[in-house]
Amino acid sequence: KLDGMAAEDVFMVYSDFTGASFKGLNVKDGSFAHSNFKKADFSNCVLSNQIFDKAHLEGSSFRGASVVDSLFRGAHIHGVDWTGTLGIAKADFTQAHGLIPAGAGSALVLRRPISTIGKLIYNG
């Protein structure tokens, strides 16, 4: 449980945080790339310039969080709760798998697994 923690330059890659609670976490600059955050709770977090590339975020919550300048490239975002999330327009969802939040900046989204995809769909 990392609720309410504040830190900079946090790198937790290739890690498993299934169901973990990060409520109110304030992290600037770092990477959670290739990690498993299925059903994790990032409610009311400030995640500035964080890398979530190819992370598994299925069923997690970013409710009321801020994701300014964060990268979700190739991340698995099926069923993520983006309600009230700030900074969506300044986050990068290039090749994210699943539905991206309304107002997202970069939005090249893969709607099917790469092995079966016939074309890429751009929602820009």
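Select Lys90 first: at 51% relative accessibility, this residue counts as exposed, because the cut-off for exposed is over 50%. The model on display is a predicted one.

**Lys90 and Asp69**

Keep Lys90 selected and add Asp69. The two residues form a salt bridge, with their closest N and O atoms 3.7 Å apart. Both Asp69 and Lys90 belong to the loop between β3 and β4, yet the pair links distant parts of the chain, 21 residues apart. Asp69 has a relative accessibility of 35% and so counts as partly exposed.

**The whole chain**

Zoom out and colour by secondary structure. The chain has 0 helices and 6 strands, and its elements therefore read β-β-β-β-β-β from the N terminus on. There are 124 residues, of which 43% count as buried. With a surface display switched on, the chain exposes about 6,200 Å², and carbon and sulfur atoms supply 54% of that area. Among contacts between residues at least 6 apart in sequence, 1% join residues at least 24 apart.

**Asp53 and Arg73**

The structure holds 4 salt bridges. For another of them, select Asp53 and Arg73, whose closest N and O atoms are 2.5 Å apart. Asp53 and Arg73 both lie in the loop between β3 and β4, so this salt bridge ties together parts that are 20 residues apart in sequence. How accessible is each partner, buried or partly exposed? Asp53 is buried, at 13% relative accessibility, whereas Arg73 is partly exposed, with a relative accessible area of 34%.

**Asp92**

Leave Arg73 visible and select Asp92, in the loop between β3 (46-51) and β4 (96-97). Asp92 is buried but has no salt bridge. Which side chain of opposite charge is nearest to Asp92? That side chain is Arg73, 4.7 Å away; the pair does not count as a salt bridge because the cut-off is 4 Å. Now show Thr94: the side chains of Asp92 and Thr94 make a polar contact at 2.5 Å.

**Asp41 and Lys23**

Move towards the N terminus and select Asp41 with Lys23. These residues form a salt bridge in which the closest N and O atoms are 3.8 Å apart. The pair links distant parts of the chain: Asp41 is in the loop between β2 (26-31) and β3, while Lys23 is in the loop between β1 (6-11) and β2, 18 residues apart. Asp41 is buried, with a relative accessible area of 18%, and Lys23 is partly exposed, at 43% relative accessibility.

**Leu57**

From Asp41, measure across to Leu57: the C-alpha atoms are 9.8 Å apart in space, and the residues are 16 apart in sequence. Leu57 lies in the loop between β3 and β4 and is buried, at 0% relative accessibility. Leaving out residues up to four places away in sequence, Leu57 touches Phe37, Phe42, Phe52, Phe62, Phe72, Ala75, His76, Ile77, His78 and Val80.

**The nonpolar core**

Finish by selecting Phe37, Phe42, Phe52, Leu57, Phe62 and Phe72. These residues have the most contacts inside the largest nonpolar core, which has 28 residues. In soluble globular proteins, nonpolar side chains tend to be buried together. Which residues surround Phe37, leaving aside neighbours within four places in sequence? The contacts of Phe37 are Phe17, Phe22, Phe32, Phe42, Phe52, Ala55, His56, Leu57 and Ser60.

How values were computed:
Residues numbered from 1 in each chain as written. Predicted model: local features only at pLDDT ≥ 70, side-chain atom pairs only at ≥ 80, totals over all residues. Heavy atoms only, no water. Core = buried A, V, L, I, M, F, W, Y, C linked by side-chain atoms within 4.5 Å. Buried < 20%, exposed > 50% of the residue type's maximum accessible area, 1.4 Å probe, protein only. Contact = heavy atoms within 4.5 Å. Helix = DSSP H or I, 4+ residues; strand = E, 2+ residues; numbered from the N terminus. Lys, Arg positive; Asp, Glu negative; His and termini not counted. Polar contact = N/O pair within 3.5 Å; in protein donor to acceptor, adjacent residues only side chain to side chain. Areas by Shrake-Rupley, 256 points an atom, 1.4 Å probe, with all protein chains shown as cover.
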